[in-house]
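Visitor: Could you take me through one part of this protein at close range? I would like to look at a sheet and whatever packs against it.

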Amino acid sequence: MADAEKRDTVIIGAGPGGYVAAIRAAELGQKVTIVEKSETLGGVCLNVGCVPSKALINAGHRLQEANDASTFGITTQPATIDFAKTQKWKQKKVVDRMTSGVKMLLKKHKVEIIQGEAVLDSDTRLRVVSTGPKQFMSADDGLTIEFKDLIIATGSRPIEIPGFKFKDRVIDSTGGLSLPEIPKEFVVIGGGYVGTELAGAYANLGSHVTILEGTNSILPNFDKDMVSIVVKSLKKKGVDIVTNAMAKSSEQDANSVTVTYEVDGKASTVKADYCMVTVGRKANTDDIGLEFTSAKTDDHGIVQTDIQGRTDSPHIFAIGDIASGPALAHKAFFQGKVAAGAISGNKTANDYVGVPAVCFADPELATVGLSQSEAKDKGLEVSAAKFPFAGNARAVSLDQPDGFVRLVTTKDENTLVGAQVVGPGASDLIAELSLAVNSGMNAEDIALTIHPHPTLSEPIQEAADIAIGFPTHI
């Protein structure tokens, strides 16, 4: 075996969890090395996920606003879009700017960056080998590193389903973000967060979109009354939503793909320019040598950890998509900071009550903590207070009155255990509610907090007023 180079804190993966963990570890005085297999930093989220998707969503909104502002008495000519220019803006002005920012931050904190794939040999050793397929690999291949502590942040990848191999006109979400043209017909298999967001984006850009969802509703992780508002909006854009649909096979030619699916045993087909499959993601833990360590994984490849992210190997930590909890970048941020703190001996912990989740649909959806049904399943007696955006002056002036803010509070002390927002600015409003839930605040705390007028934040205070029995604007 090759002689090992010694390192202190090593992090595998420079995605949201990995690079944040590296920065925090360096700030705590650790000497940090990151091993990243991609040529760019920032992981899936920054390069081919949540950040570029928001750029396309924004472009779709701008096109729709340019095409129809008649509500405000503004007459416009039909707008056109140069999609190649849109894609260039998304890549150069958004993605490249953010990834270069990550590189600058790591350099600022004197983090060593090694490009290659990390493969674990034991609880204290790993090898870094060149990226790409390998037919054979000996014990002497690559750079051998002996580490004091290790944080694994290898992320996840799209799930490929039978009959839909990712090739040519059958694409994953990465392909969906980098299409060379706006498809006239676009099929999306899977109506979760990613599928719904990109379906709405391409509908706004001019595509006719068909969503095939295997359950009885798109966005099954959100409350039905929230989802119904999004469904209404999608249908208004001409999106066809087929639920209880099981995708069976695909056939391609040079210009199109035909998808066969079944609903209640009856087969149907739909033809499109592209078919995007977004049915979930798989943890990247199967090819990194975990079997040669004491770390354990469950049947889904999720690494078992304690509240600090520590595995059964005391000096190996796991964060982000490969750790338990929702596969969200901001969860990875938090877990990265906790793991870095634990290595420095700090009493950090992943002790959050709720992780906020957002879907950038039209309108936006956001939730944190428990829904009413989840609270009841846990044996809590709760009440719900809901205020509609239709009663908010700012939302009405934006011509975005659909949606509501709902607070879920305990009946005994009015403690906030959950909150849901559907409507304009939901992705930003949920931050205040996440603070309230994780701090154990009650409805009166929120009601007594002065919110500026006229703003989209006021429905939070209005819902709190309802919760304490003194509604103002309803």
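Guide: Happy to. Before we start on the sheet, one definition helps: two strands count as paired if DSSP finds at least two bridges between them. Please keep in mind that this is a predicted model.

With that in hand, here is the sheet. It is open, built from 5 strands in the order E8-E15-E9-E10-E11, and the pairing is parallel. At its edges are strand E8 (170-171) and strand E11 (240-242), each of which pairs on one side only. If you go to the E8 edge, you will find E8 joined to strand E15 (residues 274-277) in the parallel sense over 2 bridges. There, valine 170 has cysteine 275 of E15 as its bridge partner.

Now bring in the helix. Helix H6 (residues 193-205) packs on this sheet and touches strand E9 (185-189), strand E10 (208-212) and E15. The direction of H6 makes about 165° with that of E10. H6 has 13 residues, and from its first C-alpha to its last it reaches 18 Å, close to the 18 Å expected at 1.5 Å a residue.

How covered is H6? The helix is mostly covered, with 11 of its 13 residues buried. Among them are Leu198, Tyr202 and Leu205, along with small residues such as Gly195, Ala199 and Ala203. Glu197 and Asn204 of H6 are buried too. As background for viewing any such element, an α-helix has 3.6 residues a turn, so residues three or four places apart point the same way. Just after H6 comes glycine 206, which takes a positive phi of about 120°.

From there, move on to strand E10, where threonine 210 is found. Threonine 210 counts as buried because its relative accessibility is 7%, and the cut-off for buried is under 20%. Leaving aside residues up to four places away in sequence, threonine 210 touches Phe186, Val187, Val188, Asp240, Val242 and Val270. Of these contacts, Phe186, Val187 and Val188 lie in E9, while Asp240 and Val242 lie in E11.

Finally, step back to the whole protein. Its secondary structure comes to 13 helices and 22 strands, and buried residues make up 48% of the 474 residues. The radius of gyration is 24 Å, which agrees with the value near 23 Å that a compact globule of 474 residues would have. Among contacts with a separation of 6 or more, 62% are between residues 24 or more positions apart.

Terms used
Residues numbered from 1 in each chain as written. Predicted model: local features only at pLDDT ≥ 70, side-chain atom pairs only at ≥ 80, totals over all residues. Heavy atoms only, no water. Helix = DSSP H or I, 4+ residues; strand = E, 2+ residues; numbered from the N terminus. Contact = heavy atoms within 4.5 Å. Axes fitted to C-alpha atoms, helices over the stretch in contact; angles between N-to-C directions. Expected span 1.5 Å × (residues − 1). Buried < 20%, exposed > 50% of the residue type's maximum accessible area, 1.4 Å probe, protein only. Rg over C-alpha atoms; globule rule 2.2 N^0.38 Å.
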